[in-house]
Amino acid sequence: MTTITTQVAIIGGGPSGLLLSQLLNRAGVATVILERSSRERVLSRIRAGILEGGTVQLLHEAGVGARMDAEGIPHDGCNLADDETMVHIDFQALTGKQVMVYGQTEVTQDLYAAQDQQGTSILHEVTDVVISDLDQARSHVDFTHQGLRKRLECLYVAGCDGFHGVSRKTIPDEKRREFERVYPFGWLGILSETPPVSDELIYSNSRRGFALASMRNENLVRYYVQVPLSDKVEDWSDQRFWDEFARRIPSDAAERLVTGPSIEKSIAPLRSFVSEPLRWGNLFLVGDSAHIVPPTGAKGLNLAASDVHYLHGALVEAVMGKGTAGIDDYPARALARVWKAMRFSWQMTTMLHRFDGEDAFAEQMRKATLDHLAHSETARRDLAENYVGLPF
Ligand code: APR
Ligand code: PHB
């Protein structure tokens, strides 16, 4: 079996793996990325598009901020609404911070381009990945690529392979503690080359269910409606989507709605999930391999960046022989921030969605939450601080 040697083996070529690899390479640490899908398939995924300031900073540190600066749209606030009320959350006034609207697909594209420039070895369509010897000085990742079984020998392994990857499951079941909340609905999302109904995002909790008006740029919108888990994409024609979306957003926004053909349409389930620990010997879990948030708080990509923020410097220190304090502290430091984002995403989801079979009390709680936000700057500041991203 062919053996390749590197310093850090990275499983997964999504945002987590690419950003970690880019930062490690720039610090002089060698990496190899093993990715299950083709590059085209990775880049075809449509995900959220809100970057916290910390994520923007990290992308600049990684040397991939130029196109984001040129094409991204800074947002100073967002709106929360129900059938009667719309509350503006002014991030700038409340926190002095803003978020950047720039799609995850673009971030991933920029990272691939930068990694190609680095000459980093990214192997696509890799299968049957098996991680071993995590308690030895050198660990191993065996995999099949282009019909050949190969072995990657390394000092450390970064499990950046998402919720369905192998890394988390490499940690023995009895050593893992998992926390989960599966929501009884999904989000049907579309992309359409039409102008947004509003300059800023609108999260709308209408009596017909949740809707979100987001965007990628001034002529590309990303809209969502809450749908039952039993729904299939083929149940939703464009016209049905437009009709329902218009009924769930505030009337003044609906009057501005410009419809058009969907260029992407998909349904995603919503889940809150955390798996502890983030470390097993020389293996470190990063991003979706360790945690999943419902998209209501726009935290998925930002939490991946958060883990990378804590791990990349720690791995450089360890690889360069400057001590293991950083990697020893990684699980606790990363999880502390993960849990706070998990709470915020769960709170936004329960506040903005109708749950089948809920009683009138639950509806009153949602109304009172929005009413409190409308009348309390302190409540708005709390939401704003979480939305723009808590400090690292
Ligand atoms: N071997 C190699 N690669 C794998 C394996 C495997 N066994 N299993 C999964 N992968 C790859 C997937 O094909 C994917 O490209 O790992 C990558 C994981 O990427 P993501 O799922 O995007 O996770 P992450 O990089 O942590 O980024 C988190 O992505 O899915 C969104 O909402 C999520 O915004 C968040 C962000
Ligand atoms: C998106 O633009 O896709 C998006 C924005 C904010 C969210 C979720 C998704 O909370």
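User: How many Å separate the centres of domain 1 and domain 2?

Analyst: The distance between two domain centres is a first description of their arrangement. In this predicted model, the centres of domain 1 and domain 2 are 29 Å apart, taken over C-alpha atoms. Domain 1 comprises residues 2–75, 98–180 and 271–348, while domain 2 comprises 184–269 and 355–388.

User: How should the contact between domain 1 and domain 2 be read, and what area is buried there?

Analyst: An interface can be described by its contacting residues and by its buried area. Here 22 residues of domain 1 contact 17 residues of domain 2. The buried area amounts to about 1,600 Å², with 64% given by carbon and sulfur atoms. On the domain 1 side, Ile-46, His-75 and Phe-344 account for 29% of the area buried against domain 2, more than any other three residues.

User: Where does ligand 2 lie with respect to domain 1 and domain 2?

Analyst: The position of a ligand is read from the residues of its shell. Ligand 2 lies between domain 1 and domain 2, because both give residues to its shell. Its surroundings comprise 15 residues, and those that come nearest are Tyr-203, Ser-214, Arg-216, Tyr-224 and Pro-295.

User: Which atoms approach the oxygen atoms of ligand 2, and how much of its accessible area does the protein cover?

Analyst: Polar pairs should be read together with the cover. A polar side-chain atom of Ser-214 is 2.6 Å from an oxygen atom of ligand 2, and a side-chain N or O atom of Arg-216 is 2.7 Å from an oxygen atom of this ligand. Pro-295 places a backbone N or O atom 2.6 Å from an oxygen atom of ligand 2. The protein covers 100% of the 280 Å² of accessible area that ligand 2 has on its own. Strands E16 (209–217) and E17 (220–227) are the elements that give two or more residues to this shell, and E16 gives the most, with three. By class, the shell holds nine nonpolar, three polar and three charged residues.

User: What does the same reading give for ligand 1, and which residues are closest?

Analyst: Ligand 1 is surrounded by 23 residues, the closest being Ser-16, Glu-35, Arg-45, Arg-47 and Gln-104. A side-chain N or O atom of Gln-104 is 2.6 Å from an oxygen atom of ligand 1, and a polar side-chain atom of Ser-37 is 3.4 Å from an oxygen atom. Arg-36 has a backbone N or O atom 3.1 Å from a nitrogen atom of ligand 1. Of the 700 Å² of accessible area that ligand 1 has on its own, the protein covers 90%. Helices H1 (15–26) and H10 (300–319) each supply at least two shell residues.

Notes. Residues numbered from 1 in each chain as written. Chains lettered and ligands numbered in written order. Predicted model: local features only at pLDDT ≥ 70, side-chain atom pairs only at ≥ 80, totals over all residues. Heavy atoms only, no water. Near = heavy atom within 4 Å. Polar contact = N/O pair within 3.5 Å; in protein donor to acceptor, adjacent residues only side chain to side chain. Areas by Shrake-Rupley, 256 points an atom, 1.4 Å probe, with all protein chains shown as cover. Helix = DSSP H or I, 4+ residues; strand = E, 2+ residues; numbered from the N terminus. Domains from an automatic or database assignment. Contact = heavy atoms within 4.5 Å. Buried area = accessible area lost by both parts, 1.4 Å probe. Nonpolar A, V, L, I, M, F, W, Y, C, P; charged D, E, K, R; others polar.
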